[in-house]
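Thanks for making the time this morning. I would like to walk through a helix, the enclosed spaces and a small sheet, and I will ask you to keep the structure open while I talk.

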Amino acid sequence: MNRLLDTGSSYWMRTADFPSFAPLAGDTEADAAVVGGGIVGLSTAWELARAGLNVVVLEADRLAGGVTGHTTGKLTALHTAVYDTLRTKHGQDTARQYAASQSAALRHVVETAAELGVDCELERRPALTYCEEPEGVEALRAEAEAARAAGLQASFVTGTGLPFPVAGAVRVEDQAQFHPLKYLRGLVDDIVARGGRIHEGSRVTRLDDGERCRLTTDSGATVSARHVVVATHHPVFDHALLATRLTQHRDLVVAGPLPARLDPEGMYITQEGGKRSVRTAPLADGGRLLVVTGEAFTPGEGEDTEAGYARLQAWAERRFPGVSVTHRWAAQDNSATDTLPLIGRLPTEGDNVYVATGFAGWGMTGGVLAGTLIASLVGGEREPWSGIYDPGRFGSALRSAPALLKAQWDTGKHFVKDRLDALGDGSNGPVRSLPPGEGTVVRAGGRPCAVHRDDAGELHAVSAVCTHMGCLVAFNNAERTWECPCHGSRFGIDGSILQGPALTPLERRDPGEL
């Protein structure tokens, strides 16, 4: 296997020049406060600033450094095989509104990039969902028909630009791909030019709603705002229990230069073989960067992620013989149990708090859509498709009750079973035999303890109990992180928060007591 030259941070993050912003200090006021600096938060903040509102953006870490910074950067209304599912579960009108709204978001990116003069490497490409096994053809024929009925320029084809044969594919023309962080840099510059304020390193830990909402950060600084947007991927404030309607998954990504003559000239995805997603991006030397995603898993399930990367890299190099993998990273997504994202007013938090989540891996169009939809609600208007995304929808959740119940069963199973499976006292061997680079959960002093041995042999110990809702974390051996299987919170080996919804780090433990 080739030595990986760049691990962890994505190619997008390595090649985008983002300014730094100081943490929030003291107390301030705004018309609107946006919690989260990914594509949802920045798109919404830009829409609100353009409408004349005084906007503050609060990001816990670095702008676009979370889910957005680790995306594949596809802009398409073809979301694997969603349209046959939508018309079956929710009816043809919902499928049409979904297609129209996602297509509108794609157009909005194209128009916004042109308006702001942003060179975000935007390229028009077809999007294809394919299968290699003949057993998958019937489902893709149905998806092609459903996508056409929903209003997309979709067709069923058997030939693609891939360097290997397929049994069939759904093809939708005139979709797009881009460099997501270069696009967002354009939004950031314009937000600031319009008087918007952006603060990094400002984790919001409390929301008090009311006619004017009050946000408090981990440093004690506050923002008072008429409107609040919770754009934190998984909602960090969730009295409406949206977490019960969300499932988590994490995808691995490998990338490397590919000769331009081997460019498949499209965006591809299949659910076969643990999922494979393929696109390319332009390189300065005229070549292409092949980006391959796959090996989907639930964070915190204890998967061998190093083995997953090895499988994904082997697949990429076998299927695209000219590629040499130089980058790898991972992306996390959540999906709503009824298939449709949750965008709009956050139930139980009053009329002035908004949320966007559950994009099922399609957050580029979904995030831009969220920005326009939430801005319209703040302005007292409603877009034609607002209803299908409303987080307070009830009938949709009932129709998807089996998926919702399964999600809750999985959460309950982890809450109970993982405790029963936790190893015995740390002194009886598991910690002593733990190899460098690995981690395990043991029971020390009657408490679950997450223990990692670094490459130098030093032990690091923290509580294994996720601070969000109390499930036990598990170790990700490729990213050297602790991950919660219930709602997707991720922590560093020192217990620091890498990804919410957790708002509090894992408590540190003394390795000497193990």
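Let me begin with α6, a helix of 14 residues that reaches 20 Å from its first C-alpha to its last, close to the 20 Å expected at 1.5 Å a residue. Please bear in mind throughout that this is a predicted model. Which residues of α6 are buried? They are Pro180, Leu181, Tyr183, Leu184, Gly186, Leu187, Val188, Asp190 and Ile191, and what covers them includes the helices α1 (11–14), α2, α4 and α8 (363–378), together with the strand β8 (197–199). Just after α6, Gly195 takes a positive phi of about 95°.

Two of those buried residues, Tyr183 and Leu187, bring me to the cavities. The structure holds two cavities of 30 Å³ or more, and Tyr183 and Leu187 belong to the lining of the second largest, alongside Ser43, Trp46, Glu47, His108, Thr112 and Val368. The elements that give two or more residues to this lining are α2 (39–50), α4 (92–116) and α6 (180–193), and the largest share, three residues, comes from α2. About 30 Å³ of space lies in this second largest cavity, and the residues around it divide into four nonpolar, three polar and one charged.

The largest cavity, for its part, holds about 40 Å³ of space. Where does its lining come from, as far as elements supplying at least two residues are concerned? Here the contributors are strands, namely β5 (123–131) and β13 (267–270). The full lining consists of Lys74, Thr76, Leu78, Ala127, Leu128, Thr129, Met267, Tyr268, Ile269 and Trp362, and these residues divide into seven nonpolar, two polar and one charged.

I will finish with a sheet. It is an open sheet of four strands in the order β22-β23-β24-β25, with antiparallel pairing. Because β22 (474–476) and β25 (497–499) stand at the edges and each has a single partner strand, one side of each is left without a neighbour in the sheet. Within the sheet, strand β23, residues 481–483, is joined by two bridges to strand β24, residues 490–491, and the two run antiparallel. If you would like a specific pair to look at on the screen, take Trp482, whose bridge partner in β24 is Phe491.

Conventions. Residues numbered from 1 in each chain as written. Predicted model: local features only at pLDDT ≥ 70, side-chain atom pairs only at ≥ 80, totals over all residues. Heavy atoms only, no water. 1 Å grid on protein atoms, 1.4 Å probe; cavity = no way out; pocket = protein on both sides within 12 Å on 5 of 7 lines; lining within 4 Å. Points joined across faces, edges and corners; volume = space filled by probe spheres on them. Nonpolar A, V, L, I, M, F, W, Y, C, P; charged D, E, K, R; others polar. Pairing = 2+ DSSP bridges. Expected span 1.5 Å × (residues − 1). Buried < 20%, exposed > 50% of the residue type's maximum accessible area, 1.4 Å probe, protein only. Contact = heavy atoms within 4.5 Å.
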